[in-house]
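Reader: I am new to this structure and would like a close look at a single part of it. Please take one strand and go through its surroundings.

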Amino acid sequence: MKKILNISIGFLIIAFTFTSCNNGESSKSNGALSSNAAEKVYVAPGEHDEFYAFISGGFSGQLSVYGLPSGRLFKVIPVFSQDAEKAYGYNEETKPMLNTSHGFIPWDDSHHPDISQTKGELDGRYVYINANNTPRIAKIDLTTFETTEIIEIPNSAGNHSSSFVTENTEYVVAGTRFSVPIPQKDMPIKDYKGNFKGALSFLKVNPDNGEMSIKFQILMPGFNYDLSHPGRGKSHGWFFFTTYNTEEASSLLEVNASQNDKDFIAAINWKKIEEYVNNGGGTKMPTNYAHNLYSEETHSATSTMIKEVLTVNPLDVPGAIYFLPTPKSPHGCDVDPSGEYIVGNGKLSADLTVHSFTKMLDAIANKKHDGEAYGIPILRFEDVLAGTVKQSGLGPLHTEFDGKGNAYTTFFISSEVVKWKLGTWEVIDRKPTYYSVGHLMIPGGNSAKPFGKYVLAMNKITKDRYLPTGPEVTQSAQLYDISGDKMELLLDFPTIGEPHYAAGCPASLIKANSKKLYKLAENKHPYAAKSDADTKVTRNGKEVHVQMTMIRSHFSPDNIEGIKVGDKVYFHVTNLEQDYDVPHGIAIIGANTSELLIMPGQTETFVWEPKQVGVWPFYCTDFCSALHQEMQGYVRVSPASSSIPLSWSLGD
Amino acid sequence: MKKSNIIMLIAALLPLGLFLFPLWKITLEAPQYPTPLGMYIHINDFSDVNPFDIKNINLMNHYVGMKYIPDAIPEFKIFPAGILITTILGLIIAFKGNYKWFLSWFILMIVLSTAGLYDFYLWEHDYGHDLDPKAIMKFTNPDGSVMGFQPPLFGTKHILNFTAHSYPRLGSLFLGLGIAASFIAYLVGKKTNKIIS
């Protein structure tokens, strides 16, 4: 215990040395440039930002949409967590989205968003994002900015090295952070070593609609698979995963998983494994996982349980998987735009390690192995090393590229972003972050074509940067201009939850395709009422279905009688508007879910179980028009024994 | 065929452009409509400038008690028939008649067009003034009279928070050119006639 304390004190001292040094540097460059910085992030009223930034909400389970360079928040897209603002996960239509093999899980920890690509460049069609806690991957459709698919990942735990896409969005990956017994079973934890496995899942993406299906899972040795990135260009067809805990410890990992001088980057030739699987390879294994799909036509989601998954034993596909030794507990795993360099940042190492893809192929061809781990060949460190960025900082985590031959790496302990040059491995510039930066993002960072104008640093703590809000203060992102030789800090802005990672893309790729409304004529919701004439209330035992419409500024019907205590009343509400940006809301007194927020042409449903006799109001929750307050109605609730017939009306 | 008759032939055919292009366009601008609402008036129909514009114009207008823009009005049957009949008449004249008939066709078209415009004005007036007595919002002019919401027949006008523009479109140009051409046919025919006599 004393030893651990000493280590952390040691780190703190070094950390302070680094930060104080940096502070001195930054104070020199501040002041004269600050007005210039304000101009660079100023987006005049009515003007649009140049980039979209999709910033994950970390433990909020959501994905937020910001504009860059302004840092303005536009939307929080609910993905893995219920959201009362939009009724996501509360209304009947979206509840199935949060179904899993563990039942209804209305929360998660969303980490790494990635934008779909065509020919190695961002295409602005979908964002994929992982749920870390109960492993899932979601697809967000960028025409509607809605979550339209969630697939659960079986045999996985801590879905962390996820969800990165290959250069034509052939695959989205889901690598497990925690190794677990596969299949799960009741066994002693101390028997971890050699018995637990790490599943790396490859999800095939349908090129037409972006839908995912698990094509195969590679059952890897029981390490922790931390992050991943696809190869591109010359290394297209390969995927790289960092590992830690190659010690296979199961207790006090901060010490026990930090013993080996080198862990590995697992290099996986997925094309080879795909070929093996297409030729009938792999083992079908019984399992149980949910695949949830949202239909824009019915405005409803369905959840299907899938009972089987195809697993691949790495030893059955020789030549497909290699380990690249990488110091020391590497966290980030980033591939440069050309596909040649694979950066593995040993978070406990002061140096940055960069591997060469070409050298890796040579080493494989010449069979220069340095032993093996569970039958998987380990290549020799010196044979695959492209270079080292020496004494670059403390706690290197993640690297992004500007497309101009430079790389930018975050350092968690010394709280800074360091710019260095690919090939010469020299440090060009460093700027402090406030404070404890995790990921950073350059729009197009995970692609062959980065838009190297800005870098966004995502920080874990803010301390004194903003007005205090009690013990809990906001986490934040910081925007730097990287168009010149030196980085320039332009802006701080607060974020939702933990800004774990982000994906960015030019606004022009998305704006033109953004949907303005849902066409009422195409609404195939089974309980839609597409005009006031279609409205009705029907009873089926204790179940009552109200098919209601809404338009500025009334509900139809607005008076309903014949409901009884103990009924389960489904309000299916259709927004008849066909105008951009005119949603309506509805809520009823005593409702224990949330209000509905219904877009033009859409139908949504909430359930209300009246427990008290009376005449109870409902109203529009979204300020919609001059007569918003008048947009209301009443439901009469009679005793369970009542014989009052169902009736409904609007106007006289 | 004489030159004047050829011009008359063209004159008779030009109004058929009304079946291809809209006659008129009314645009409503307001701050909350960065893309203005608009509708085209064709010889036989109303249509949206952008999808659902007419539905949204109706939604806005119901606040002051204006009627819904109807799906069909009798004029949409009469106008196409009128254009077809006058075109046939014009063709007969072009083939059979002399220049004096060209002038008659010209006058006929002027009279019919004026009547059409007047009918359009009457419809607009009714649409803008015959308001639902139970209207949600009532506005009066400075002199105390009930405010009307008639869009301009031609030009631009401010109506509450909207700026309404009302201008002819390509269809009208075809009609106008046809009418003008018939007068040119008359002048050419008259000149040729003089030279011959």
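How do strand β11 and strand β12 of chain A pair, and over how many bridges?

Author: The model is a predicted one. In it, β11(A) and β12(A) pair in the antiparallel sense, over five bridges. Strand β12 of chain A covers residues 197-205, and one point of contact can be named: A:Leu200 in β12(A) stands opposite A:Gly175.

β11(A) has another pairing to consider. Strand β10 of chain A, residues 159-165, is also antiparallel to β11(A), with four bridges between the two. Here A:Ala174 in β11(A) has A:Ser162 opposite. The connection between β10(A) and β11(A) is a hairpin with five residues between the strands. In that turn, A:Thr169 has a positive phi of about 50°.

Next comes the question of cover. In a regular strand, side chains alternate between the two faces of the sheet. For β11(A), one side holds A:Tyr171, A:Val173 and A:Gly175, and these are buried. The other side holds A:Val172, A:Ala174 and A:Thr176, which are buried too. Both faces of β11(A) are therefore covered. Buried here stands for a relative accessible area under 20%. Strand β11 of chain A runs over residues 171-176, and because six of its six residues are buried, the strand is largely enclosed by the rest of the structure.

To put the two neighbours together: β11(A) pairs with β10(A) over four bridges and with β12(A) over five, in the antiparallel sense each time.

Definitions and conventions:
Residues numbered from 1 in each chain as written. Chains lettered and ligands numbered in written order. Predicted model: local features only at pLDDT ≥ 70, side-chain atom pairs only at ≥ 80, totals over all residues. Heavy atoms only, no water. Buried < 20%, exposed > 50% of the residue type's maximum accessible area, 1.4 Å probe, protein only. Pairing = 2+ DSSP bridges.
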